[in-house]
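Hi everyone, thanks for making time for this. I'd like to walk you through one structure, piece by piece, so have it open in front of you.

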Amino acid sequence: MSTSTFSIELTDRDRLIKAAFQAKEFAYSRYSNFRVGAALLTTTGEIIKGANIENASYGGTICAERTAFVKAVSEGKRSFTGLAVVTDVKSAISPCGMCRQVIREFCSQAMPILLVPADYEQRLAEGVPDGGVKETCIGELLPDSFGPEDLDRPRTQ
Ligand SMILES: [Zn+2]
C-alpha cells in the first residue's frame, strides 16, 4: 500500500496508533471491563492520550475519546489532525454517540479517525493491509450533524 493511501503521514499514523494502545493500559473500566484507549494528534504533532474512566455512579463515567479531548482542550489545544481509538475487541469499534458529538465540536468533517482492532500488530505481521484499521471521519459517523456554526445562523427572533 502506498503512502498516498493515507491521509495522515505514515510515521504520525504509527505514533498515533501506538499511543492509543498505550492509553488503553490506563483504562479504569472495573464495571464494564471494556478497556478503550484513544489518542489525538494535534496540528503541531503532539499526541494527547485518553482512556475510559468509569465510576461507581455510572453516569460519572467518561469515554476514552472524551478524556483525550478534555485533556487537550483544557490545555489550550483545539486543533487536531487525527484520532485513533482501540479496544480489546478484534475488530474496529466505533465511538459512542456522545463522543461523536464531541468530536464534531473540535474536528473537521473529514479529519481521519482510525478505528484500530485489538490484534492490529498481529494482523500487520500477517500482511493484512494496514493491520485491519478502519479509517473514517466524523462526516461519515455523524451525518447531518448539529455543530457550533449552527448557533451562528440567523434566527427569526
Ligand atoms: Zn464515547
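Let's begin with helix α2, where A64, E65, R66, T67, A68, F69 and A72 are buried. Keep in mind as we go that this is a predicted model. Helix α2 covers residues 64-73, and seven of its ten residues are buried, so we can call the helix mostly covered. What is doing the covering? The elements over those buried residues include β1, β2, β3 and α3, the last of these at residues 97-106. Here is a handy rule for reading any such list: an α-helix has 3.6 residues a turn, so residues three or four places apart point the same way.

Now let's go to one of those covering elements, strand β1. It spans residues 36-42, and seven of its seven residues are buried. Try following the side chains along the strand. V36, A38, L40 and T42 point one way, while G37, A39 and L41 point the other way, and all of them are buried.

Who are the neighbours of β1? On one hand there is strand β3, residues 80-87, which runs antiparallel to β1 and is joined to it by seven bridges. On the other hand there is strand β2, residues 47-51, also antiparallel to β1, with five bridges between the two. You can see both pairings at single residues. Take L41: its bridge partner in β3 is G82, and its bridge partner in β2 is I47. Step back to L40, and you find L83 as its bridge partner in β3, with I48 standing opposite in β2.

Strands β1 and β2 form a hairpin with four residues between the strands, and there G45 takes a positive phi near 90 degrees. Please remember that positive phi, as we'll come back to the topic.

Let's zoom out to the whole sheet. In what order do the strands lie? Five strands form an open sheet, in the order β2-β1-β3-β4-β5, and the pairing is mixed. The edge strands are β2 and β5, the latter at residues 134-136, and each of them pairs on one side only. On average, neighbouring strands of this sheet are turned by 20 degrees against each other, direction ignored. Helix α1, residues 10-24, packs on the sheet and touches β1, β2, β3, β4 (113-116) and β5. The direction of α1 makes about 145 degrees with that of β1.

Next stop, the metal. Which residues hold the zinc ion? It is coordinated by the SG atoms of C63, C96 and C99, at 2.2 to 2.3 Å. Along the sequence these donor residues are spaced C-x32-C-x2-C. The pair C63 and C99 links distant parts of the chain: C63 sits in the loop between β2 and α2, C99 sits in helix α3, and they are 36 residues apart.

Are these cysteines buried or exposed? C99 has a relative accessible area of 1%, so it counts as buried. C96 is at 32%, which means it is partly exposed, since that class lies between 20% and 50%.

While we're on cysteines, how many disulfides are there? A search of the whole structure finds zero. C137 is a good example to look at. Its sulfur is 11 Å from the closest cysteine sulfur, in C107, and that is too far for a bond. C137 is also buried, because its relative accessible area is 14%, under the 20% cut-off.

Now back to positive phi, as promised. Most residues other than glycine have a negative phi. Two aspartates here are worth a click. D130 has a positive phi of about 55 degrees although it is not a glycine, and its place is in the loop between α4 (120-125) and β5. D144 also has a positive phi, near 55 degrees, and is found in the segment after α5 (138-141). Which of the two is buried, and which is exposed? D130 has a relative accessible area of 15% and is therefore buried, whereas D144, at 84%, counts as exposed.

Last, a word on annotation. UniProt, in an unreviewed entry, places the feature "domain: CMP/dCMP-type deaminase" at residues 11-149. In this model, the end C-alpha atoms of that span lie 33 Å apart, and the span is 32% helix and 19% strand.

That's my tour, and I'm happy to take questions.

Note on methods:
Residues are numbered from 1 along each chain as its sequence is written. This is a predicted model: local features need pLDDT of at least 70, side-chain atom pairs count only at pLDDT 80 or more; totals for chains, interfaces and linings use all residues. Side-chain values use heavy atoms; hydrogens and water are left out. Buried means under 20% relative accessible area, exposed over 50%, partly exposed in between (1.4 Å probe, protein chains only). Two strands pair if DSSP finds at least two bridges between them. Contact means heavy atoms within 4.5 Å. Donors are N, O and S atoms within 2.8 Å of the metal (3.2 Å for Na, K and Ca); water is not among the atoms, so sites may look incomplete. A disulfide is a pair of cysteine sulfur atoms within 2.5 Å. UniProt positions are given in the numbering used here, feature names are shortened, and annotations may be inferred rather than shown by experiment. Axes are lines fitted to C-alpha atoms, for helices over the stretch in contact, and angles run from 0 to 180 degrees between N-to-C directions.
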